[in-house]
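Hi everyone, thanks for coming along. Please pull up the structure on your screens, and we'll walk through it together.

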Amino acid sequence: IAQALVESGAEIDELDAVAACAGPGLAGSLLVGVSAAKAVALAAGIPYVGVNHLEGHLYAAFLDDPDLEPPFAVLLVSGGHTMVVAMQGHGRYQVLGETVDDAAGEAFDKVARFLGLGYPGGPAIDLLAARGDPTAIRFPRPMLGAGCDFSFSGLKTAVVTHVKRNPDLEMADIAASFQEAVVDVCVAKLLDGADAVGMRKVVIGGGVAANSRLRTRLLDDAEARGIETVLPTRELCTDNGAMIAAAAWRRLHADGPTPLDAGASPTWSLASL
């Protein structure tokens, strides 16, 4: 917190409120942030706001486009979560579908680790895939055409099995073909979800939303369906304090401060907001 104040050139008495991600996530990590935020709020005599991490990713788009207004459909896609959400209004969400096993970002990380590309896997696969042929290997498109739920564990297993049976394959082709399978599923489910609820605008958020192929394909496929697309800058797609602040500002004005006896919520669902 002290570092953030120094980097922003602000003084603590200039703050109107202090926010922290209160869930979902790992309980230990959440408690550290929540405890620090409450301490600052008490010391400075300002409100504390606990923010849902997924709502933070959603509000990243509003930082790039302050005039953005619901309704729209959102693809929240990260290492821990993959879901399609209909945002009817501020604070009004309908989860249309979510992953039943691995999230897309988790699949990127696991495939990248298997290929020896290190962690995090998303940027490494994105970079390598740019040199490969996305049609070289026809990996499965899990649950495509089956509503808005996702499943990526079988795709990960298919990549591992195929590479073990064909050890001489070009790494770039493997990366590009795997990435294309993930992108095909994500784009189709987001646009199908938007069509199902009659929304003509879509937004993406979360770390995987920085993927270059996902962004390009979504723009092209959405335009073909006459659907408007809003893409936050890559820097705002990955975890950042600005998105938490944006969501907190809305929550503070809509609901007021979060009680200081409110704890962290490791399983906090976006649907419960």
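Let's begin with a little hunt: where is methionine 143 found? The answer is the loop between α5 and α6. Before I go on, please keep in mind that this is a predicted model. I picked methionine 143 for its backbone: its phi is near 60 degrees, a positive value in a residue other than glycine. As a reminder, most residues other than glycine have a negative phi, and most peptide bonds are trans. Is methionine 143 buried, partly exposed or exposed? Its relative accessible area is 31%, so methionine 143 counts as partly exposed.

While we're on the backbone, let's look at two cis peptide bonds. One joins glycine 23 and proline 24, with omega at about -10 degrees. Proline 24 sits in the loop between β1 and α2. Another cis bond joins tyrosine 119 to proline 120, and here omega is about -5 degrees. You'll find proline 120 in the loop between α4 and α5. Remember that proline, please, since we'll meet it again.

Now for the pockets. Rolling a probe the size of a water molecule over the atoms shows where empty space is left. How much space lies in the largest pocket? About 940 Å³. It is lined by 34 residues, and the closest to its centre are Val18, Ala19, Ala20, Gly241 and Ile244. Four elements give two or more residues to that lining: α1 (2–8), β1 (18–23), α2 (27–44) and α10 (241–255). Of these, α10 gives the most, with 8 residues. If you're thinking about the chemistry of that lining, the residues divide into 23 nonpolar, 8 polar and 3 charged.

The second largest pocket holds about 570 Å³ of space. Here's where our proline returns: Proline 120 is among the residues closest to the centre of this pocket, along with Ser78, Gly79, Gly207 and Val208, out of 23 that line it. Helices α3 (53–64), α4 (104–114) and α5 (121–129) each supply at least two residues of the lining. What is the lining made of, by class? The count is 7 nonpolar, 12 polar and 4 charged residues.

Let's move inside, to the nonpolar cores. The largest one has 47 residues, and Leu75, Phe152 and Phe178 touch the most other members. Several elements each supply at least two residues of this core, including β3 (72–77), β4 (82–89), α6 (153–165) and α8 (212–224). Which element provides the largest share? That is α7, with 14 residues.

Take a closer look at phenylalanine 152. Setting aside neighbours within four places in sequence, its contacts include Thr82, Asp101, Ala107, Val182 and Cys186. A second, separate core has 27 residues, including Tyr59, Val74, Ala246 and Ala248.

Valine 74 deserves a stop of its own. It lies in strand β3. Why do we call valine 74 buried? Because its relative accessible area is 0%. Not counting residues up to four places away, valine 74 is in contact with Leu58, Met83, Val84, Val85, Leu190 and Val203. The C-alpha atoms of valine 74 and glycine 193 are separated by 9.1 Å, although the two residues are 119 apart along the chain.

One of those contacts, valine 84, is in strand β4. Valine 84 is also at 0% relative accessibility, so it counts as buried. Beyond its sequence neighbours, valine 84 touches Val74 and Leu75, and among its other contacts are Gln94, Phe150, Lys189 and Leu190. Its C-alpha atom is 8.9 Å from that of cysteine 186, with their positions 102 residues apart along the chain.

Last stop, the aromatics. How many aromatic pairs does the structure hold? There are 4. One is between phenylalanine 108 and phenylalanine 178, which meet edge-to-face at 5.2 Å centre to centre, with 75 degrees between the planes. This pair links distant parts of the chain, since phenylalanine 108 belongs to helix α4 and phenylalanine 178 to helix α7, 70 residues apart. Both of these phenylalanines are buried. And there is an aromatic cluster to look for as well, formed by Tyr59, Phe62 and Phe72. You may recognise Tyr59 as a member of the second core.

That's the tour, and thanks for listening!

How values were computed:
Residues numbered from 1 in each chain as written. Predicted model: local features only at pLDDT ≥ 70, side-chain atom pairs only at ≥ 80, totals over all residues. Heavy atoms only, no water. 1 Å grid on protein atoms, 1.4 Å probe; cavity = no way out; pocket = protein on both sides within 12 Å on 5 of 7 lines; lining within 4 Å. Points joined across faces, edges and corners; volume = space filled by probe spheres on them. Nonpolar A, V, L, I, M, F, W, Y, C, P; charged D, E, K, R; others polar. Core = buried A, V, L, I, M, F, W, Y, C linked by side-chain atoms within 4.5 Å. Buried < 20%, exposed > 50% of the residue type's maximum accessible area, 1.4 Å probe, protein only. Contact = heavy atoms within 4.5 Å. Phe/Tyr/Trp six-rings, centres within 6.5 Å; stacked < 30°, edge-to-face > 60°.
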